[in-house]
Structures are given as structure tokens and as C-alpha cells.
Amino acid sequence: MKYAYYPGCSLDATGIEYDIANKLVARTLGIELVEIPDWNCCGATSAHTTNHLLALALPARNLAIAEAHGFEQVAVPCAACFARCKKTAAAVQASPDLQVQISEVIGMTYAAKSEILSYLDVIGKKTGLDHIKKHVVQPLTGLKIAAYYGCLLVRPVDITQSDDPENPMVMDRLLQVIGAEPIAWDYKTECCGASQVVPVPQLGKKLIHDILKNAASYGADAIATACPLCMLNLDMRQKQINAMFGTQFHIPVFHFTELMALSFGYSAQDFGLAKHFESAESLLERMIGGKGA
Amino acid sequence: MDIIELSAGGTQHQVEIARLASIAGVELSSCYQCGKCSAGCPEGFAMDESPRRIIRLLQLGLLSEALQARSIWLCAACDTCSTRCPKGVDIAALMETLRQEAKRKALIRDKNIHLFHELFLTNVKWFGRSPEVILSAMYNLMSGNLFQDMDAAAHLFKSGKAHFLPRRIKNTQAIRQIFQRCLEKEEPQ
Ligand code: SF4
Ligand code: SF4
């Protein structure tokens with residue numbers, strides 16, 4: 001399978017290890033990812049809180065470039081970028097006038113013909129679990145993981161085509177296939193606040209705290225995410241949460257593809273485990289005899 | 001509890017409210033005030049007007065009250081409300097429309113949230129990308145929260161998660177043009 005790949009700004013920076021793991025997993029599974037040339041920022045929340053047209057035009061330029069290169073499918077690993085791209089495609093598909101207007105604004109034709117998929121769906125829905133299973137050489141047996149989806153991979157459901165907006169299972173099933181034990185918990189699709197935590201830290205940190213607390217209360221050894229912003233909030237800010245709430249959370253947080261790469265036999269050096277804030281070393285030591293660390 | 005003068009809202013705002021509701025794709029009269037949207041709103045605990053109350057204000061013609069609510073700034077666009085509303089009211093879209101309208105009228109109820117989004121977009125306009133860490137540094141400087149997230153900075157740079165120079169796309173001209181054209185089309189409102 002061949003996909004146009006839209007990494008988005010985070011995967012070049014704070015989410016760099018997600019990008020590395022995505023590519024390892026793609027290579028193992030025989031998926032070809034071709035980065036969209038000269039892609040720009042999707043505008044994220046800032047564009048759509050500011051200007052409706054801008055929020056559609058910024059993703060449209062990337063999607064138009066992918067179309068011009070003949071791609072029929074676009075894979076988007078960041079939940080926020082995914083939501084922006086999907087909303088743009090849906091809006092343009094629904095209105096021929098808007099299609100003309102957007103094409104004018106970006107100075108390229110955008111027909112909204114290509115299918116946009118989150119990287120989680122590329123792996124969890126399009127690739128086939130049997131095919132994935134064949135590549136598991138180091139099952140993550142006994143590892144209890146809270147699969148965290150957050151908002152934008154699941155809502156709004158007519159845009160995301162999520163299997164279930166209240167209790168999605170696509171990541172849970174993947175975790176099962178690689179031998180881990182996905183747990184049932186309550187905060188799967190709660191909001192982490194995304195970038196809200198920067199301008200309103202008290203508010204954002206409470207959301208992050210509640211997610212960590214719920215995962216801990218169900219005995220999660222780790223949390224798996226499918227978004228670099230969720231990851232940043234849950235991993236980098238754990239120390240800040242502990243300082244603010246007097247808690248003692250030390251829950252390793254992984255991008256779901258990192259866990260897959262581990263199960264495929266890659267070592268932690270092959271991707272960027274050392275780039276995480278919360279150390280996963282002792283967990284991996286316990287689980288796979290330190291082979292991962 | 002403040003006294004709200006209902007007759008003052010009335011028809012004078014109705015046209016304006018109908019216009020905003022139609023931009024958001026929301027039928028205000030569908031809402032029967034069950035409160036499910038507010039019960040699940042993650043930001044609800046910090047809001048002055050819950051999502052349900054925002055709808056009620058608009059149903060009553062109280063547009064300025066809705067536009068001056070801090071809630072429309074705190075909304076994280078998580079879409080929980082819209083997903084759960086039994087009447088299919090897209091409250092998240094309404095929050096967004098109200099925020100855009102408030103900006104147009106220079107009613108900025110939360111300066112820091114506004115500043116963050118402005119800086120974000122300025123960076124995108126310049127570079128075509130959002131340089132996360134530079135954005136945070138600019139935000140800290142301009143909001144006066146100098147040491148926010150400084151605990152994480154060393155690790156971010158050491159592990160290659162932050163760059164001293166912003167990444168920039170080749171065709172920055174194309175991005176500037178997109179900004180220009182979109183903002184031009186906004187003006188005449
Ligand atoms: S959930 Fe829907 S019907 Fe109920 S109060 Fe909110 S907007 Fe109104
Ligand atoms: S979209 Fe906004 S109003 Fe709706 S639940 Fe989320 S934060 Fe609350």
C-alpha cells in the first residue's frame with residue numbers, strides 16, 4: 001500500500017520519535033509512506049478559532065499537492081492535523097462553490113478526491129490484523145495498557161468515521177495483537193486540552209491530571225497514544241502535574257507505533273524511547289528482559 | 001444572581017443571532033435545555049456560562065452576554081457536546097462561530113488564549129510551519145509567564161525535539177498569499 005504522508009509540525013519536533021516509529025512499522029508491514037513535498041502547517045486550532053476560510057485553505061494546500069502527485073490516500077499521524085484535513089475535505093466535497101473558492105485561495109486545484117486516514121486507521125483498519133500478527137516476534141505479554149484516543153480521532157463521528165465515539169476499540173485491538181493487555185478505563189476519549197495548557201495552565205493541567213489518575217486507578221502500566229499533542233501533555237507534563245497536585249505519577253506513555261515496533265523486535269535505540277520524559281526502562285526490563293531498553 | 005432584562009435583548013439581536021446560528025449550522029430552537037452538553041464538557045468546571053447556557057442566552061436574544069462569555073474562549077473544540085447532544089445541535093461549531101465574531105468585535109475575554117493563537121498564526125504565516133518551541137518562548141515573553149515549561153526545555157533540545165532555528169517551507173510566498181486572500185475575504189463583514 002502506498003500513502004501520501006503528512007507528518008505535521010509536531011512530528012518534526014516534540015513528536016519526532018513518533019515519526020521514527022511510524023516509519024519502522026511501515027517498513028515492516030510493507031507500507032510505503034511518501035512525505036507530501038513542501039507541506040505546510042495545517043493551522044490547527046488557532047486557524048479555526050480565527051478564520052473559517054483560513055482553517056480550510058491551509059490543509060487544502062497540502063491535500064492539493066498530494067492530489068497533484070496522484071495519491072489517492074493520505075495518512076495523517078497527528079489527531080489535530082487529521083481532524084483539520086478531514087474537515088477540509090468534507091467541506092469542499094459538500095460545496096462546489098467552496099471548492100472553487102478554496103482552489104482560488106490556494107492557487108491550485110483541490111478536488112477533495114483523496115481519502116484521508118489517521119495513521120491509527122491505516123494500521124488498525126486498512127492493514128489487516130493477521131498481517132500484523134505475523135510480524136510480532138516479541139509479544140508484549142502482561143503489559144497493561146490504557147489506550148488513549150482523546151478527542152479528534154473519534155469526534156465528530158461523521159468526519160472521523162470512528163468505530164465508536166464513546167468507546168473506540170481500534171487501538172485496543174492492535175495492542176491485543178501485539179500481545180499486550182488493553183484495559184477498560186473511563187478516560188479513553190476525554191480531552192487533554194491540547195494546546196490550551198499553554199495559555200490557561202490551571203485548566204489544562206486538571207484535564208491531564210484526571211486522565212493520568214483514571215489510568216492509574218485501573219492499574220495501567222503504561223498509556224498508548226496516537227497523537228503527538230496528547231503524548232506531549234501526558235508525558236512531558238507529568239512532572240508538572242505531580243508538582244501541582246502532589247501526586248506521584250510515573251506512567252510511561254508511548255506512541256502506539258513504538259509499542260508495535262518493540263513487538264516487531266526493534267530495540268528502543270532504533271526509535272526514540274530515550275526522548276521520552278517518563279522513563280520506560282524499568283517497565284521494559286520487567287516485560288521483555290530489558291531487550292527493548 | 002444577576003437580573004437579566006429580557007426585553008432589552010429581543011428583536012434587535014435576532015437577525016444577528018440567526019446569521020451566526022446559520023454560519024454554525026445550528027438550529028437554536030432545537031435545543032430543549034437538557035444539559036447533556038454541559039455535563040460532559042471538560043472545560044465546564046471553569047466556564048462562566050456552560051454550553052447549555054450559551055444556547056439559552058441566544059434563544060433569549062442576549063447576544064452581547066454570549067459574546068462576552070469567557071466560555072467561548074475556554075472551549076477546547078473537543079466536540080464532546082456536539083457528539084452527545086440528543087437533538088443534533090452542533091454546539092462546538094457555535095462556540096467557534098461566537099469566538100470568531102467576538103474577535104471581529106474586539107471582545108477579547110481571555111487575552112492569553114487570544115495571544116497564543118495570534119502568535120501561532122504569525123509563525124505559520126512567516127515560516128509555513130509552526131515551530132512549537134519558538135512559539136512557546138515567544139508566548140512566555142509576551143504574556144509575562146517567563147519560566148513556564150522551562151523545566152522541560154533542556155530535555156527538549158538535548159533529545160532533538162526542539163530546534164533553535166525554525167523549520168521553514170520553500171514556498172513561503174504561497175502561504176502568505178493564502179493568509180492575505182482569506183483575511184481579505186473576511187473584512188467586508
Ligand atoms: S445537549 Fe443539546 S439539547 Fe441538550 S442542552 Fe445541550 S444543546 Fe440543548
Ligand atoms: S467543544 Fe467546547 S463546549 Fe463542547 S464540550 Fe468541548 S470544550 Fe465544551
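Just after helix α10 of chain A, the residue A:G219 takes a positive phi of about 75 degrees. This value, like every other one discussed here, comes from a predicted model. The helix that precedes A:G219 is a suitable place to begin a walk through the structure.

Helix α10 of chain A covers residues 201-217, which makes 17 residues in all. With a rise of 1.5 Å a residue, such a helix should span 24 Å, and its end C-alpha atoms are indeed 24 Å apart, so expectation and model agree. Twelve of its 17 residues are buried, and the helix is therefore largely enclosed by the rest of the structure. Among these buried residues are A:P201, A:L203, A:G204, A:L207, A:I208, A:I211 and A:L212. The list also includes A:K205, A:H209, A:D210 and A:N214. What do the buried residues of α10(A) pack against? Within chain A their partners are β5 (144-147), β7 (222-225), α11 (228-236) and α12 (238-245), and α5 (71-74) of chain B joins them.

Helix α1 of chain A may be read in the same manner. It comprises the 14 residues 16-29, for which 1.5 Å a residue leads one to expect a span of 20 Å; the end C-alpha atoms are 20 Å apart, which agrees. Its buried residues are A:E17, A:Y18, A:D19, A:A21, A:N22, A:L24, A:V25, A:A26 and A:L29. Following α1(A) comes A:G30, with a positive phi near 75 degrees.

The aromatic rings offer another route through the model. Over all chains, the structure holds seven aromatic pairs. One of them joins A:Y148 and A:W185 in a tilted arrangement, with 6.2 Å from centre to centre and 55 degrees between the planes. This pair links distant parts of the chain, since its members are 37 residues apart: A:Y148 is in the loop between β5 and α8 (157-160) of chain A, and A:W185 is in the loop between β6 (181-182) and α10 of chain A. Are these two residues buried or exposed? A:Y148 has 0% relative accessibility and so counts as buried. A:W185 has a relative accessible area of 8%, and is therefore buried as well.

A further pair is formed by B:F116 and B:F120, whose ring centres are 6.4 Å apart and whose planes meet at 50 degrees, so this pair is tilted. Both residues lie in helix α8 (residues 111-127) of chain B, four residues apart, or about one turn of the helix. An α-helix has 3.6 residues a turn, so residues three or four places apart point the same way. B:F116 is buried, with a relative accessible area of 4%, and B:F120 is buried, with 9%. In chain A, the residues A:Y5, A:Y18, A:Y119 and A:F256 form one aromatic cluster; A:Y18 is also one of the buried residues of α1(A).

Rings and charged groups also meet across the two chains. A:K206 lies over the face of B:F45, 4.6 Å from the ring centre. In the other direction, B:R129 places its charged end over the ring of A:W39, at 3.3 Å from the centre of that ring.

Chain B itself has eleven helices and zero strands. Its C-alpha trace spans about 60 × 40 × 30 Å along its principal axes. Of its 189 residues, 51% are buried. Among contacts between residues at least 6 apart in the sequence of chain B, 67% join residues at least 24 apart.

Two ligands complete the picture. Which residues come nearest to ligand 1? Of the 13 residues around it, they are B:C31, B:C34, B:G35, B:C37 and B:C85. The shell around ligand 1 consists of eight nonpolar, two polar and three charged residues. Ligand 2 is surrounded by 13 residues, of which B:C41, B:C75, B:C78, B:D79 and B:C81 are the closest. Its shell divides into ten nonpolar, one polar and two charged residues, and α6 (80-84) and α7 (91-104) of chain B each supply at least two of the residues in the shell.

A last stop lies in chain A, where A:A268 is found in the loop between α13 (256-263) and α14 (281-288). A:A268 has a relative accessible area of 8% and is therefore buried. A:A268 and A:H131 are 137 residues apart along the chain, and their C-alpha atoms are separated by 23 Å.

Definitions and conventions
Residues numbered from 1 in each chain as written. Chains lettered and ligands numbered in written order. Predicted model: local features only at pLDDT ≥ 70, side-chain atom pairs only at ≥ 80, totals over all residues. Heavy atoms only, no water. Expected span 1.5 Å × (residues − 1). Buried < 20%, exposed > 50% of the residue type's maximum accessible area, 1.4 Å probe, protein only. Contact = heavy atoms within 4.5 Å. Near = heavy atom within 4 Å. Nonpolar A, V, L, I, M, F, W, Y, C, P; charged D, E, K, R; others polar. Phe/Tyr/Trp six-rings, centres within 6.5 Å; stacked < 30°, edge-to-face > 60°. Lys NZ or Arg CZ within 6 Å of the ring centre and 35° of its normal.
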